[in-house]
Structures are given as structure tokens and as C-alpha cells.
Amino acid sequence: MTLPILRVENLKATYGPVQVLHGIDFIVFSKEIVVVLGANGAGKTTTLRSISGMIETSGTIELNGESTQNLTSSEIVRCGVAHVPQGRGTFPELTVEENLKVGAFIRTDKDIKTDIDICFENYPVLYERKTQTAGSLSGGEQQMLAVSRALMSRPQLLLMDEPSLGLAPQIVEDLFSRFVAINRDQGTTMLIVEQNAQLALDIANRGYVLESGEISVEGKADELINDDAIRRAYLGA
Amino acid sequence: MMLFVGRIWGPDMDLFLQRVIDALTNGSTYALIAVAMVLIFKATTLINFAQGEQAMLGAFAVLQLWNWGLPMWWAVIIGMIFSGILAAVLERTFIRKFDPADHLPLVIITLGLFLVINAIAAITWRFDPQSFPQLFPSGNAFTYNNVRLSWYSIFAFSSCVLVLIVLQTLLTKTKFGLAFRAVSSNLESSRLSGINIGPTLQFGWALAAAAGTLGASIYAANPVLQIEPSMMLRALIFSVTAAALGGLDSLWGALIGGLTIGFVQSVVVQYIPFIPNEMSLSAAVVVLLIVLTLRPSGVLGTRAVERV
């Protein structure tokens with residue numbers, strides 16, 4: 001058994017008096033796409049924010065076997081975790097190209113330019129708009145930019161918070177098929193939280209279902225997609 | 001209006017030109033303080049009401065260093081560094097603890113700093129006006145009839161433009177500048193990109209204070225003015241107005257705003273007879289009101305363009 005890239009054990013998080021996560025456990029292995037499904041308020045966003053050090057938690061979070069408990073969010077980025085937050089993860093006043101440069105903020109190597117070109121290959125529309133401000137992009141383009149921005153830090157693990165939110169179905173499909181390609185070509189491990197269960201399970205290796213701050217079901221993506229309870233709850237069938 | 005034009009093109013052309021030159025001179029110093037406020041506003045959407053007092057304290061430090069025998073421009077440079085360090089300490093001690101998204105406590109803190117710094121300066125240097133070293137060559141560069149363009153005016157204006165160019169370059173061409181603009185655009189995503197928010201903003205505060213100290217030093221070096229602890233009170237109001245007029249997040253807007261306010265203060269008040277001199281401050285604010293009614297984000301400010 002290889003060492004997981006991310007191991008979360010008994011993770012608890014509270015916002016003020018409200019406990020959102022009641023001790024959840026899950027793991028993500030290298031090169032995997034793992035999806036966390038759940039309804040609004042189940043704790044999906046909180047889970048990701050815990051991993052990237054945006055909120056205080058109790059329990060264990062380990063990256064490559066090392067605890068991140070005492071690290072700040074900017075140190076966690078340097079450990080190879082990138083996070084695309086919910087909604088718009090872009091810098092509206094900065095140009096597309098500047099957004100990508102901010103993504104590479106932690107890097108000092110010479111390949112930043114090459115990586116920007118790779119982003120433009122992934123999403124040619126971003127190349128066409130490279131001198132436009134991010135705020136002037138459409139929702140789908142902004143999401144592409146947010147993902148590209150995150151990839152610019154050359155993460156081992158990419159966290160994505162409901163990338164399909166508010167986007168037209170066609171655009172979401174394009175976006176998700178790009179994720180598969182990025183995962184395959186660049187070997188980026190992905191942890192995606194989603195409400196769009198069908199699409200997410202289609203591209204994922206494994207999945208977890210989060211209900212009221214607890215993991216209720218877990219398994220391989222193709223098993224989950226055929227699970228009756230999940231079909232009823234999330235796939236509308 | 002006819003009256004206004006008639007009076008300008010009449011025999012008093014010289015007076016008019018002189019007033020425009022005065023506007024340029026005053027406007028440049030307002031712009032330098034305004035630029036400092038714009039820097040902080042850009043990063044935090046917060047108006048630092050203590051900016052003028054920090055600048056005044058910096059100018060006193062310059063005076064003190066000069067009194068101790070330092071060459072004048074060395075005194076200015078070390079004074080700027082001193083006020084930059086002080087601002088960094090203030091940011092770390094009083095500002096960073098608070099949620100940057102909650103403005104009210106922060107505004108009250110800057111007002112508190114305003115009072116404290118003013119009091120400290122008053123205790124240390126008393127309210128007696130003192131003369132400030134001449135930073136620029138004295139005398140006039142150019143005289144025509146009764147119109148005098150002093151070296152001071154030329155240098156004050158060029159210093160302002162120079163500072164703007166330096167800041168502009170810093171913000172657009174350096175990694176710090178990129179981080180600074182990222183922080184001002186999206187706090188959360190900056191954090192998620194590995195930018196250390198605190199030190200970035202802290203450097204912004206230091207930079208703003210250094211620019212402000214240069215502004216206050218130039219202001220105090222005006223041959224017709226002297227330095228005293230409350231000298232920035234008027235200038236502060238003019239500078240806030242200038243910053244808002246130009247667009248609170250635009251560096252060059254601060255220059256345009258500063259010059260406009262300088263113009264209103266010296267030209268409009270001179271020629272519109274029913275505005276007494278005592279009302280020059282209010283006249284400036286009325287102009288601000290008119291401009292903001294027509295362009296809510298100021299002359300060069302960013303209009304929020306965001307597709308949803």
C-alpha cells in the first residue's frame with residue numbers, strides 16, 4: 001500500500017457554537033481524482049478550508065505523512081496544495097496573465113513562462129483574453145482561470161470547491177473533461193467537492209458522501225454511481 | 001461666468017497665471033499625501049486618517065535630523081525610512097489584529113492614531129512654528145511681468161510626478177507589486193496562492209508613510225510655510241478630497257485630484273466673488289460632490305466591472 005498524499009482523520013471543525021464537521025476520515029492517494037458529494041450545508045467547503053489551513057480544526061490532517069496542524073495557509077500552499085475556492089477564485093482587477101503569475105507566486109524557477117503557455121494550451125480562450133481583466137470574463141472562463149491559477153503553483157494536490165456551480169451544463173462538461181486530461185497529463189491529484197454527483201462520479205476514481213458533517217457512504221466511483229441510496233439522494237433517479 | 005472670463009482676460013492675466021502656478025504647487029503637495037492614502041485604500045479599502053499626522057511626524061524627524069547636522073536630502077531619506085518603519089510597526093501592532101473586512105474598528109483606530117501622533121508631536125516640538133530647511137533652490141526659475149514661477153513650484157511638481165512613476169513601476173513591474181495588487185483584489189485567493197497577507201500590507205503601509213513624509217517635507221519646505229504639529233490638518237482634508245476626487249484606488253487620479261483641489265482653492269476662490277477665502281475648503285468639497293455625482297468612482301477610479 002502506498003502512502004496516501006492526504007490523510008484526514010477524526011477532523012472536527014466548528015464555526016462559533018455550531019459544529020460543522022463531526023470527526024470525518026478520508027484519504028486521497030497520489031494521481032487519484034476523489035470526489036466528496038453532499039448537499040448544501042453538509043460541510044464540503046469546510047472540509048476543503050480545513051485542509052488548506054483557512055480555519056482552525058481539531059483532528060489529524062497529514063500531507064505525505066506530515067501533519068499540517070501548525071502550518072499557515074501560505075505554508076500549506078508551499079507543501080503542494082492548491083485550492084480553487086467556491087465561486088470566483090480569480091483576481092477581478094488583474095489581467096488574465098497577471099492572475100496566472102499570482103498563481104506562481106511561491107515559485108522561483110525559470111519555467112513559469114512555460115507553465116503559463118501550458119495553461120493557454122489547456123484553455124485557448126484564456127490566451128485570447130490574456131490582457132483583459134479577470135472581472136470581465138464570463139463565469140465559465142473565470143472558473144477556467146481559477147483552475148489554471150491554482151495549477152500554476154504546480155500542486156501535488158488540487159482542491160476544488162464546486163467547480164460546476166452556476167455554470168451551464170455544456171461548459172461544466174468541458175471543464176470536467178479538462179480535469180481528466182490535466183490529471184492524466186500532469187499527474188495532478190484532485191479532491192473535488194460537488195453537488196453535481198453524476199458528472200463528478202463520472203470522472204472520479206473514488207467518492208465519499210458527506211451528510212451533516214459525517215461521512216455516510218464511501219466507495220469506488222462506479223460503485224457509488226449504482227448505489228440506490230445515492231441515486232435517490234443525488235442523481236434524481 | 002462672463003464675469004469670470006472677463007476678469008481673467010482683462011488686465012489681471014498675470015494674477016490669473018500666478019494663481020494657476022500656486023494651484024500647481026499646492027496641488028502637488030496634496031497629491032503626495034493623497035497618493036499615500038490611495039496606496040492604503042487600494043490594498044485595504046480603508047482610509048487612513050492618520051496619514052497626514054504620520055507624514056507630519058516624518059517631517060519633524062527630517063527637521064530633527066537636519067538640526068543634528070545631517071545634509072538636507074540625507075535627512076529627508078532617513079526621515080522617510082524612519083516613518084516607513086514606524087508605519088510598519090503601527091500596522092503590526094494596531095491594524096493587523098483586526099478583521100480587514102470590518103472597517104469601523106479600523107477607521108476608529110486610524111482616528112485614534114491621528115490624535116495620539118498629533119499630541120506626541122505637540123509635546124515634543126510644541127506648537128510654535130519652526131522654519132524648515134529649503135529642499136529646493138530658492139528664487140524664481142522664470143519671471144514674466146508679475147508672474148513668478150519659483151524653483152520650489154517646479155521641484156514640488158516634479159517630485160510628485162517622480163514619486164508616482166516610482167510607485168507605478170513598483171506596483172506593475174515587481175513581484176511585490178503583483179502581490180500587493182492581488183491582496184487588494186481578492187484576499188482569500190491571495191492567501192490560497194501563498195501570499196503572506198500581513199507582511200504585504202505592512203510594506204504597503206511603510207511605502208505610503210514614506211511617500212507621505214516626502215509630501216509633508218515638501219509642504220513644509222514651502223518658503224511661505226513653517227512646520228508645526230497641526231500643519232497637516234488642512235492639508236489632510238484637501239488630500240482626502242483629492243484622493244476621492246481622483247478615484248480612491250488610482251495613483252494618477254491622486255495627482256489629478258490634488259491639482260483640481262489646488263485649482264479650486266486658489267483660482268476659483270479668487271475669481272468667484274461670492275466665495276470668501278474662508279470658504280475655500282468648502283468649495284473644494286462642493287467640487288468633490290459634483291464630480292462624484294457625475295462619476296461615482298472618481299475621475300480615474302476603477303468602476304466595478306464584474307460579470308456575474
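Here are a few short exercises on chain A, a predicted model.

**Exercise 1. How does the radius of gyration of chain A fit with a compact globule of 237 residues?**

Solution. Start with the expectation: for 237 residues, a compact globule would come out near 18 Å. Now look at chain A, which has 17 Å, so the two agree. For a feel of the outline, the C-alpha trace spans about 45 × 45 × 40 Å along its principal axes.

**Exercise 2. What percentage of the residues of chain A count as buried?**

Solution. Step one is the cut-off: a buried residue has 20 or more other C-beta atoms within 10 Å of its own. Step two is applying it, and 47% of the 237 residues of chain A count as buried. You can also check the contacts: take those between residues at least 6 apart in sequence, and 68% of them join residues at least 24 apart.

**Exercise 3. Which strands sit at the edges of the six-stranded sheet?**

Solution. Chain A has 10 helices and 10 strands to pick from. Six of the strands make an open sheet in the order S6-S7-S8-S3-S9-S10, with mixed pairing. An edge strand pairs on one side only, which picks out S6 (81-84) and S10 (214-220) of chain A. On average, neighbouring strands here are turned by 15 degrees against each other, direction ignored.

**Exercise 4. In which sense do S7 and S8 of chain A pair?**

Solution. Strands of a sheet pair through backbone hydrogen bonds, either parallel or antiparallel. S7 (residues 157-161) and S8 (residues 189-194) of chain A go for parallel, over five bridges. Follow one of the residues across: A:Leu159 has A:Leu191 in S8(A) as its bridge partner.

**Exercise 5. Which strands does helix H6 of chain A lie across?**

Solution. Find H6 at residues 139-151 of chain A, then look at what it crosses: S6 and S7 of chain A. Against S6(A), H6 runs at about 170 degrees.

Methods
Residues are numbered from 1 along each chain as its sequence is written. Chains are lettered from A and ligands numbered from 1 in the order in which they are written. This is a predicted model: local features need pLDDT of at least 70, side-chain atom pairs count only at pLDDT 80 or more; totals for chains, interfaces and linings use all residues. Helices (H or I, at least four residues) and strands (E, at least two) are DSSP runs, numbered from the N terminus. The radius of gyration is taken over C-alpha atoms; the globule rule is 2.2 Å times the number of residues to the power 0.38. A residue is buried if 20 or more other C-beta atoms lie within 10 Å of its own, exposed if 12 or fewer, and partly exposed in between; C-beta atoms are placed from the backbone. Two residues are in contact if their C-beta atoms, placed from the backbone, lie within 7 Å. Two strands pair if DSSP finds at least two bridges between them. Axes are lines fitted to C-alpha atoms, for helices over the stretch in contact, and angles run from 0 to 180 degrees between N-to-C directions.
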